[in-house]
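Welcome, and please open your viewer before reading on. We will go from one selection to the next, with a short note at each stop.

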Amino acid sequence: MTIYEIMHGENLIATITLQGQCRILVPSFMPWNLYLEETDELDGRVNNVTNFYYWCATRVLTLDRKYAKQILSSMGMSQAATDKERAQVALAYHCLTLTDIYWVRTADESVSFAQINL
């Protein structure tokens, strides 16, 4: 089971699995547009995955940016249509953007923000 760690700089703020299980470690540092709920109810877990995919999808490099198509092609990714597809693209580069210091890694990765910071 893959566990994603939502990071703020070097700080771990939350974890989520693709089964919707999440743990919020620092609620005050959660991204404002990512809503997760610690719950065992099926509906809540489905919402967690949907919200996580949506949040990741909003962090995708837009195709109007210079070299965006070439970058996506080099990753073997085409123009993604759904939030899940767009989220997979964003997760391939740790959901990094130039507008904030939130990013995502898997729990088994040892990468740090200092190593991948844009």
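**Stop 1: a charged patch.** This is a predicted model, and the tour begins on its surface. Select Glu37, Asp40, Glu41 and Asp43, which together form a negative surface patch. Now keep only Glu37 highlighted. Where does Glu37 sit in the chain? You will find Glu37 in the loop between β3 (22–24) and α1 (42–57). Glu37 has a relative accessible area of 35%, so it ranks as partly exposed.

**Stop 2: the whole chain.** Zoom out and switch to a cartoon view. There are four helices and four strands to pick out. Starting at the N terminus, you will pass them in the order β-β-β-α-α-α-β-α. Of the 118 residues in the chain, 40% are buried.

**Stop 3: the largest nonpolar core.** Next, select Ile6, Phe52, Trp55, Cys56 and Val104 and show their side chains. These are the residues with the most contacts inside the largest nonpolar core, which has 23 residues. Which elements each supply at least two residues of this core? They are β1 (3–8), β2 (11–17), α1, α3 and β4 (102–106). Colour α1 separately if you like, for the largest share of the core, five residues, comes from this helix.

**Stop 4: helix α3 and the loop after it.** Select residues 83–92, the span of helix α3. Its buried residues are Ala87, Val89, Ala90 and Leu91. As a reminder while you look down the axis, an α-helix has 3.6 residues a turn, so residues three or four places apart point the same way.

Now step just past the end of α3 to His94, where phi takes a positive value of about 65°. His94 belongs to the loop between α3 and β4. Is His94 buried or exposed? Its relative accessibility is 14%, and since buried means under 20%, His94 counts as buried.

Move on to Cys95, found in the loop between α3 and β4. Cys95 is a residue other than glycine with a positive phi, here near 60°. With a relative accessibility of 0%, Cys95 counts as buried.

**Stop 5: the salt bridges.** How many salt bridges does a search of the whole structure find? It finds two, and you can visit both.

For one of them, select Arg105 and Glu5. The closest N and O atoms of this salt bridge are 2.7 Å apart. Because Arg105 is in strand β4 and Glu5 in strand β1, the pair ties together parts that are 100 residues apart in sequence. Both Arg105 and Glu5 are buried, so hide any surface you have drawn.

For the other, select Arg59 and Asp100, whose side chains meet in a salt bridge with an N to O distance of 2.6 Å. Arg59 lies in the loop between α1 and α2 (68–74) and Asp100 in the loop between α3 and β4, so this pair ties together parts that are 41 residues apart in sequence. Turn the surface back on to compare the partners: Arg59 is buried, with a relative accessible area of 7%, whereas Asp100 is partly exposed at 26%.

**Last look.** To finish, display the negative patch of Glu37, Asp40, Glu41 and Asp43 along with the salt bridge of Arg105 and Glu5 and that of Arg59 and Asp100.

Technical notes: Residues are numbered from 1 along each chain as its sequence is written. This is a predicted model: local features need pLDDT of at least 70, side-chain atom pairs count only at pLDDT 80 or more; totals for chains, interfaces and linings use all residues. Side-chain values use heavy atoms; hydrogens and water are left out. Patches are made of residues with over 30% relative accessible area and no salt bridge: like charges are joined within 9 Å, nonpolar side chains (Val, Leu, Ile, Met, Phe, Trp, Tyr) within 5 Å. Accessible areas come from the Shrake-Rupley method with a 1.4 Å probe; for residues, only the protein chains shown count as cover. A salt bridge is a side-chain nitrogen of Lys or Arg within 4 Å of a carboxyl oxygen of Asp or Glu. Lys and Arg count as positive and Asp and Glu as negative; His and the chain ends are not counted. The place of a charge is taken as NZ of Lys, CZ of Arg, CG of Asp or CD of Glu. Buried means under 20% relative accessible area, exposed over 50%, partly exposed in between (1.4 Å probe, protein chains only). A nonpolar core is a set of buried Ala, Val, Leu, Ile, Met, Phe, Trp, Tyr and Cys residues joined through side-chain atoms within 4.5 Å.
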